[in-house]
Amino acid sequence: MEESLPKPVPPRVGLIYDDRMCQHTDPDNDYHPETPNRIKVIWRKLHSAGILQRCVVLKAKEAEDKHIALVHKKKHIDLIRNVSSPEFDSRRSKIASKFNSIYLNEGSSKSAYLAAGAVIEVSEKVAKGELDSAVAIVRPPGHHAEPNEAMGFCLFNNVAIAASYLLNERPELGIRKILIVDWDVHHGNGTQKMFYDDPRVLFFSVHRHENGSFYPSGDDGSYTMIGEGLGSGYNINVPWEHARCGDADYFAVWEHVLVPVAKAFNPDMIIISEGFDAAIDDPLGGCCITPYGYAVMLEKLMEFAQGRVMMALEGGYNLDSLAKSVLACVKTLLKDKYAVASSGAYPFESTWRVIQAVRKKLSPFWPTLGGELPKKFFVTAKKAPAVPELISSSDSDAENDELAYTGSEAECSINSIEVVEDVIASLSTLTVDENNHSKDQIASSSASWRSNLSKVDIWYASFGSNMWIRRFLCYIEGGQVEGMQAPSPGSVDKNPPKKILWKIVPHRFFLGRSQTRTWGVGSVAFLHPESDVSSKSYMCLFKITLEQFNDVLVQENRLRPVEAINPLFDLSDLVSITKTKSLNLDALKGWYSNVVCLGTEGGHPILTMTCSNSDIELFKSGNLPMNAPSKEYRDTLVKGLVEGKQLSEEEAVAYINDGFTRPL
């Protein structure tokens, strides 16, 4: 009798919801589109579909001010915290009127704190692995809220708070790079501003823009807004020229912009600002995405970051399409199958125009976006419609839970399912296989990160044999010096250091281990990763690019010098280490896997590489030996210190001897 295969373990999908977020209501308008019914109708829909029993259901907790302060100014936090208290009763409406599209009442403060707290909580649980994915059904929404200003129905920027919390407060969870996808019909201006210079966050927003005339208006949502400083290239806007964009338009953007860049970025987690006001029949959005369309877009994103996806509700004001779209997404997270049904067989001609402009602007940062789109796409494109009058909202909670959605009769009717299926088929070929990259993929990805990191300068600080400049140049130009038993392959970029200087740091220099493949029998140099005011070590600093630093990391850790798909140490790591001061790289198994930041020089970070803290304990206990270096290695250290005019030969020998005779 054949053994039956074990049943697949169902995914652990979290849902967080709290009725107390319904306390936030417009005191002057019973028909405001951002109504408590938005989250109530979603919850009823999930309950009637039998979804709640299949998920981990959580109740919200209020966020702490210190976590909100990661992205918001104190003045703004103080206002939102106190505005619902009795002393604001007489002036609350006047305060709200000073903001763009904001109302405030006695329940606004608690609702805002619960929404932010809920998104933080489920994000943390997904990052920890306690949940595979999660959906935060929260209000008020957040993506328009800026550091010191509420706007666009948004009080706190829930998604930005959660992303900053994971990156800055919980680095031990290993979330170093986050992809934020904002598919709300309005541009996520607040989120963009909070991460505009931060390469740890790739912010992607697809939205109606219409040359800046569509809310929130202005140039922030333009495709030319690509980030600045270290964050250049990490802000991607896809701005629609008009209304009525539907599934096929969004699928085209996924295929030709988002998915290729996401592959190159390789996020540790994905956070979706899941606004559903681009859904069919939405009274504010005027676009035509079906529930099936949202399911397809989400399913493609689930192929990244080991499926670690957290979704937080933003907009969506047709209660029927809102509830159906959220249901479609939760079913997708639960790995349910869905029937093919979509609207808008062809992308608009303007969609290809926008995609081309975005790709051209971003291709210097993401070479995978280089090249022209095939002409066949323009042949099949629809002409842009005149901007129609928007359809009225329906407050009914329809009972049809099928993802096959018939849609509106006005321009969003299904006219050619076969063509849409072709678009889906094309999108489905964009698989993410982390273990089977083709040579072309490797070359493209390698070229992408090398191009990005070649633009960033750092100081590499050496305390060992690289203090001798001729020895360090072996890691850049390739080759070997006297005493080395094998040559170094060198860096891909063989340009010499832009500048060299010396510095003394308050860290312990020591020599340990008993044999190396480069120098034979004897120890090599290490630096204690933690500072100690009673110690001092001589460091030779080389100003090189972050690309070259990655190649030095490879050679120091005796890795095979291949064209890596991803760098060992990227821009997001660079931002993190300026806060955490040290970062142990899991991909490295060598003796120098711990990158330490020793401060800055001329605005550029000073990086060195040494052993891990766990190795320090082994050196202290004697399980790893402190030892004398070989003659060849010692002579190289002496040459570096003497030629660098730091010590005399006698002083250099004494400094080296102290490194292995004095216990840690």
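These are my notebook entries on a predicted model, taken one feature at a time.

**Entry 1: the sheet**

I began with the strands. I reminded myself that strands in a sheet pair through backbone hydrogen bonds, either parallel or antiparallel. Here I found an open sheet of eight strands, and the pairing is parallel. Reading across, I wrote down the order S2-S1-S3-S8-S7-S4-S5-S6. Which strands sit at the edges? They are strand S2 (56-58) and strand S6 (235-240), and each of them pairs on one side only. I also looked up the twist, which averages 15° from one strand to the next.

**Entry 2: one pair of strands up close**

Next I picked out strand S4 (residues 178-182) and strand S5 (residues 201-208). How many bridges join S4 to S5? I noted five, with the two strands running parallel. To follow one of the pairings by residue, I started from Val 181 and found that its bridge partner in S5 is Phe 204.

**Entry 3: a helix across the sheet**

Then I turned to helix H1 (residues 37-48). Helix H1 lies across strand S1 (13-16), S2 and strand S8 (309-313). Against S8, I noted that H1 runs at about 130°.

**Entry 4: two helices side by side**

Two packed helices are described by the angle between their axes and the distance between the axes. I looked up both values for helix H8 (residues 247-265) and helix H9 (residues 291-301). The angle is about 10°, and the axes are 9 Å apart. Angles under 35 degrees count as roughly parallel, so H8 is roughly parallel to H9.

Which residues meet here? From H8 I listed Asp 247, Tyr 250, Phe 251, Trp 254, Leu 258 and Val 259. Facing them from H9 are Tyr 292, Gly 293, Val 296, Met 297, Lys 300 and Leu 301. I sorted the residues of this contact into nine nonpolar, one polar and two charged.

**Entry 5: a pocket**

Rolling a probe the size of a water molecule over the atoms shows where empty space is left. I chose the second largest pocket, which holds about 620 Å³ of space. Its lining has 36 residues, and Tyr 475, Thr 518, Gln 555, Glu 556 and Arg 558 lie nearest its centre. Several elements each supply at least two lining residues, including helix H15 (469-477), helix H16 (546-556) and strand S18 (604-610). By type, I recorded 18 nonpolar, 12 polar and six charged residues in this lining.

**Entry 6: a cavity and a cis bond**

I moved on to the cavities and noted three of 30 Å³ or more. The second largest cavity has a volume of about 50 Å³. Among the residues lining this cavity are His 187, His 207, Arg 208, His 209, Tyr 215, Pro 216 and Asp 220. The full lining divides into three nonpolar, seven polar and two charged residues.

Two of those names came up again when I checked the backbone. The peptide bond from Tyr 215 to Pro 216 is cis, with omega near 10°. Pro 216 has its place in the loop between S5 and S6.

**Entry 7: other backbone notes**

Where does Pro 140 sit? I found Pro 140 in the loop between strand S3 (133-136) and helix H6 (158-169). The peptide bond leading to Pro 140 from Arg 139 is cis, with omega near 0°.

My last stop was Ser 101, in the loop between helix H4 (92-97) and helix H5 (108-128). Its phi is near 60°, a positive value in a residue other than glycine.

Conventions: Residues numbered from 1 in each chain as written. Predicted model: local features only at pLDDT ≥ 70, side-chain atom pairs only at ≥ 80, totals over all residues. Heavy atoms only, no water. Pairing = 2+ DSSP bridges. Helix = DSSP H or I, 4+ residues; strand = E, 2+ residues; numbered from the N terminus. Axes fitted to C-alpha atoms, helices over the stretch in contact; angles between N-to-C directions. Contact = heavy atoms within 4.5 Å. 1 Å grid on protein atoms, 1.4 Å probe; cavity = no way out; pocket = protein on both sides within 12 Å on 5 of 7 lines; lining within 4 Å. Points joined across faces, edges and corners; volume = space filled by probe spheres on them. Nonpolar A, V, L, I, M, F, W, Y, C, P; charged D, E, K, R; others polar. Parallel < 35°, antiparallel > 145°, perpendicular 65-115°, else oblique.
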